[in-house]
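Good morning, and thank you for the invitation to speak. I should like to take you through one protein model, and I ask that you keep the sequence and the structure in view as I talk.

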Amino acid sequence: MVVVAGKVARLECVAIWIIKLELCIAINFVAMISISKFLLAFILLLSLGGCGESADVRYDRGFNDGYAAGYNTTCKIRVTLISGEWDDKQYSRGYRDGYSEGSIECNKK
């Protein structure tokens, strides 16, 4: 090692600068990973939030169950198995409408 005051000082400065740069890169990398994880979690949350049946699908299922139950009960055909999701307002409304339609259809025959 050559000890020249100016060069030693410059080498120390370069070494400190490289260490700072590596530290900065490491911090940015960690931040980038954190942001990536956050974005991934956010995208998953949005995609899962879209899961589940729409109100129309639940109404239609209730209508179909109600129609079958109304038709079969009125015509005295057989007992009908249904989903029976009575806590769901859309299903219940669809079931009532379907039951009425099924009964009317049976009485037409």
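Let me begin with a question: in which helix is Ala68 found? The residue belongs to helix H2. Please bear in mind throughout that this is a predicted model.

Is Ala68 buried, partly exposed or exposed? Its relative accessibility is 25%, so Ala68 counts as partly exposed. One distance from this residue may help you to orient yourselves: the C-alpha atoms of Ala68 and Val79 are separated by 9.5 Å, and the two residues are 11 apart along the chain.

Let us now step back to the whole protein. How many helices and how many strands are there? The protein has three helices and zero strands, and along the sequence the pattern reads α-α-α. Of the 109 residues in the protein, 17% are buried. I would also draw your attention to the contacts between residues at least 6 apart in sequence: 69% of them join residues at least 24 apart.

I turn next to a pair of helices. Two packed helices are described by the angle between their axes and by the distance between those axes. Helix H2 covers residues 55-74 and helix H3 covers residues 89-108; they pack at an angle of about 35 degrees, and their axes are 6 Å apart. Which hand does the crossing of H2 and H3 have? The crossing is right-handed. As for the residues that make up the contact of H2 with H3, 10 are nonpolar, 11 are polar and seven are charged.

Some individual residues will make this pairing more concrete. Consider Gly62, which is found in helix H2. Its relative accessible area is 0%, so Gly62 is buried. Which residues does Gly62 touch, if we do not count those up to four places away in sequence? They are Tyr91, Gly94 and Tyr95. For Gly62 and Tyr91, the separation in sequence is 29 residues, while the distance in space, C-alpha to C-alpha, is 4.3 Å.

On the other helix, consider Ser103, which lies in H3. Why does Ser103 count as buried? Its relative accessibility is 13%, and the cut-off for a buried residue is under 20%. Leaving aside neighbours within four places in sequence, Ser103 is in contact with Gly70, Tyr71 and Thr74. With Thr74 there is also a polar contact of 2.9 Å between the two side chains.

Arg96 is likewise found in helix H3, but here the relative accessible area is 52%, so Arg96 is exposed. From Arg96 to Gly70 the C-alpha atoms are separated by 9.0 Å, and the two residues are 26 apart along the chain.

My next topic is charge. Side chains of opposite charge can pair when their charged atoms come close. How many salt bridges are counted in this model? The count comes to two.

One salt bridge is formed by Asp88 with Arg58, and the closest N and O atoms are 2.6 Å apart. Asp88 lies in the loop between H2 and H3, whereas Arg58 lies in helix H2, so the pair ties together parts that are 30 residues apart in sequence. With a relative accessible area of 16%, Asp88 is buried; Arg58, at 21%, is partly exposed.

A salt bridge also joins the side chains of Arg61 and Glu85, at 2.8 Å from N to O. Arg61 lies in helix H2 and Glu85 in the loop between H2 and H3, so this pair ties together parts that are 24 residues apart in sequence. Glu85 counts as partly exposed, with a relative accessibility of 30%.

Finally, I should like to mention a detail of the backbone. Most residues other than glycine have a negative phi. What is the value of phi for Lys76? It is near 55 degrees, a positive value in a residue other than glycine. Where is Lys76 found? It is in the loop between H2 and H3. At 73% relative accessibility, Lys76 counts as exposed.

To close, I would ask you to return to the picture and look once more at H2 and H3, which cross in a right-handed manner. Then please find the loop between them, where Asp88 lies and where Lys76 is found. Thank you for your attention.

Key:
Residues are numbered from 1 along each chain as its sequence is written. This is a predicted model: local features need pLDDT of at least 70, side-chain atom pairs count only at pLDDT 80 or more; totals for chains, interfaces and linings use all residues. Side-chain values use heavy atoms; hydrogens and water are left out. Axes are lines fitted to C-alpha atoms, for helices over the stretch in contact, and angles run from 0 to 180 degrees between N-to-C directions. Helices (H or I, at least four residues) and strands (E, at least two) are DSSP runs, numbered from the N terminus. A crossing is left-handed if the near helix is turned anticlockwise from the far one by less than a right angle, and right-handed if clockwise. Ala, Val, Leu, Ile, Met, Phe, Trp, Tyr, Cys and Pro count as nonpolar, Asp, Glu, Lys and Arg as charged, and the others, Gly among them, as polar. Buried means under 20% relative accessible area, exposed over 50%, partly exposed in between (1.4 Å probe, protein chains only). A polar contact is a pair of N or O atoms within 3.5 Å; within protein, one must be able to donate a hydrogen and the other to accept it, and residues adjacent in sequence count only if both atoms are side-chain atoms. Contact means heavy atoms within 4.5 Å. A salt bridge is a side-chain nitrogen of Lys or Arg within 4 Å of a carboxyl oxygen of Asp or Glu.
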